[in-house]
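Welcome to a short guided tour for anyone meeting this protein chain for the first time. Take a moment to turn the structure around, and then read on.

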Amino acid sequence: MGMDIHLQAGELAGWLNDAALPLWRQKGFDGEGGGFVETIDMKGEPTRADRRSRVQPRQVYCFAAAGRRGWDGDWRTAAEGGLLYFDRVYGQPGGFYGALANADGKLIDASFDLYNQAFALLAFAHLAEVLPERGVEMVGRSDKLRRQLEARCKHPLGGFEEDDPPRLPLGSNPHMHLFEACLASEEMEGFDRVAWANLADEIAHLAMDRFIDAESGALREFFDHDWAPFPGEKGRIVEPGHLFEWAWLLLRWAERRGNAQAIVKARRLFEIGEKDGTCPDRDVVVMTLFDDFSVADPTARLWPQTEWLKAAIRFAALTEGAERERYLASAGRAAAALQRFLDVPVRGLWRDKQKADGSFVEEPAPASTFYHILCAIYELEDCLKRM
């Protein structure tokens, strides 16, 4: 199996550098109006779909990360232009970012979403790394946004409210992306390491104590105001893609802090994701389970396959012997699942949804998925190097 994964890593890297990055740079970045498009259709042309604010910093991250990895295309124009557009179109007087604009760059939903602020923080960290001349500016912007979030919606028991005034349910998912931004920020030159590490620790412990069910070891999505599971069906939702994504993040955190408990929790998250979260017939990660691990939605989207790959390959890098072989085999399955979504007429695009019968939904490729794919390909390369 070991050889397989090296082959898959090479194929994926070729796809990324030779097809996906050039296509999304040329067609996915709107040179005239600025900013990134929401989707590219299956013929390879940008659509005029409304643009979610999260797509902007996610694409900024992609091109900044590609620049750092030595991709030879014009990543800089896209990364800097994307941030400029994000600020101009979505930036609010209070310092937060709104939610949705139309294709002409007119804001149509200015509402606050914790999730979107988390991605702004991720973009600041990666831009600081790849554009040292803007490092001081990014540190300042990042600190300011973190402080504003703490002032607006800090939760008394840890973590964050969804908004001010509070609204329910509370969610684990925005915390996952804040956690990811913290892990990036605490490592960046010039960033307030202590502040970011403290927030990362707070979120890690909140996940281990509240988000993850003490008995089953599964991670829930929705919570009441005291971080108890939200009443009714919503509180029973478990997303396998997020089980893998949290496992990957907790492994990264555990390795830095020497925290054994986080590794135990991550291992269990992975186990549930692999055993109950994958469809045996299609060998893909499905969308949602209930907390008894029965399937709530058998649709498979692309992004959970990338999170399966990231978690599996990092577990492989941190283990040895038979255990490593088992995780490598799992990573091989995840890479194969991902590759099926990338098999489209125009190389560099992707399918987003596979139905229970194995057919794919005919629709344009969403830009928001690029962040998942690119991160998984880089993580695969890094972990294989470590081994």
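## A walk through the predicted model

Let us begin at one small polar contact: the side chain of N102 reaches the backbone nitrogen of D104 at 2.9 Å. Please keep in mind that this is a predicted model.

Where does N102 sit in the chain? N102 belongs to the loop that links strand 3 (100-101) to strand 4 (107-109). With a relative accessible area of 19%, N102 is buried, under the 20% cut-off for that word. Setting aside the neighbours within four places in sequence, its contacts are D50, R51, Y85 and I108.

### The sheet around that loop

The two strands on either side of the loop belong to an open sheet of three strands, in the order 2-3-4, with antiparallel pairing. Strand 2 (51-52) and strand 4 are the edge strands, each pairing on one side only. Between strand 3 and strand 4 there are two bridges, in the antiparallel sense. If you would like to find one of these pairings on screen, look for L100, whose bridge partner in strand 4 is D109. As background, strands of a sheet pair through backbone hydrogen bonds, either parallel or antiparallel.

### The chain as a whole

Now zoom out. The chain has twelve helices and 13 strands. Its radius of gyration is 20 Å, close to the 21 Å that the globule rule gives for 387 residues, so the chain is as compact as a globular protein of that length. Taken along the principal axes, the C-alpha atoms fill a box of roughly 50 × 50 × 40 Å. Of the 387 residues in the chain, 59% are buried.

How do contacts link parts of the chain that lie apart in sequence? Among contacts between residues at least 6 apart in sequence, 67% join residues at least 24 apart. A20 offers a good example of a long reach: A20 and F370 are 350 residues apart in sequence, yet 8.7 Å apart in space, C-alpha to C-alpha. A20 lies in helix 1 (residues 2-26) and is buried, with a relative accessible area of 0%. Not counting residues up to four places away in sequence, A20 touches W15, G348 and F370.

### A covered helix

Helix 10 (residues 302-318) is another good place to pause. This helix has 17 residues and reaches 25 Å from its first C-alpha to its last, close to the 24 Å expected at 1.5 Å a residue. Helix 10 is mostly covered, with 16 of its 17 residues buried. In general, an α-helix has 3.6 residues a turn, so residues three or four places apart point the same way.

### Cysteines without partners

How many disulfides does the model contain? The count is zero. Why does C182 not form one? The closest cysteine sulfur, in C153, is 13 Å from the sulfur of C182, which is too far for a bond. C375 is in no disulfide either, and the nearest cysteine sulfur to it, that of C62, is 8.8 Å away. A disulfide would need the two sulfur atoms within 2.5 Å. C182 counts as buried at 0% relative accessibility, and C375 counts as buried at 8%.

### Unusual backbone spots

Finally, here are some places to inspect along the backbone. The table lists two cis peptide bonds.

| Peptide bond | Omega | Place of the proline |
|---|---|---|
| D164 to P165, cis | near 0° | P165: loop between helix 5 (135-153) and strand 5 (170-171) |
| L168 to P169, cis | near 0° | P169: loop between helix 5 and strand 5 |

Two further residues have a positive phi without being glycine. D283 has a phi of about 50° and is found in the loop between strand 7 (278-279) and strand 8 (284-285). F293 has a phi of about 75° and lies in the loop between strand 9 (288-289) and strand 10 (295-297).

Are these two residues buried or exposed? D283 counts as partly exposed, at 23% relative accessibility, whereas F293 counts as buried, at 18%. The cut-off for buried is under 20%, so the two values fall on opposite sides of it.

Notes. Residues are numbered from 1 along each chain as its sequence is written. This is a predicted model: local features need pLDDT of at least 70, side-chain atom pairs count only at pLDDT 80 or more; totals for chains, interfaces and linings use all residues. Side-chain values use heavy atoms; hydrogens and water are left out. Helices (H or I, at least four residues) and strands (E, at least two) are DSSP runs, numbered from the N terminus. Buried means under 20% relative accessible area, exposed over 50%, partly exposed in between (1.4 Å probe, protein chains only). A polar contact is a pair of N or O atoms within 3.5 Å; within protein, one must be able to donate a hydrogen and the other to accept it, and residues adjacent in sequence count only if both atoms are side-chain atoms. Contact means heavy atoms within 4.5 Å. The expected span of a helix is 1.5 Å times one less than its number of residues. Two strands pair if DSSP finds at least two bridges between them. The radius of gyration is taken over C-alpha atoms; the globule rule is 2.2 Å times the number of residues to the power 0.38.
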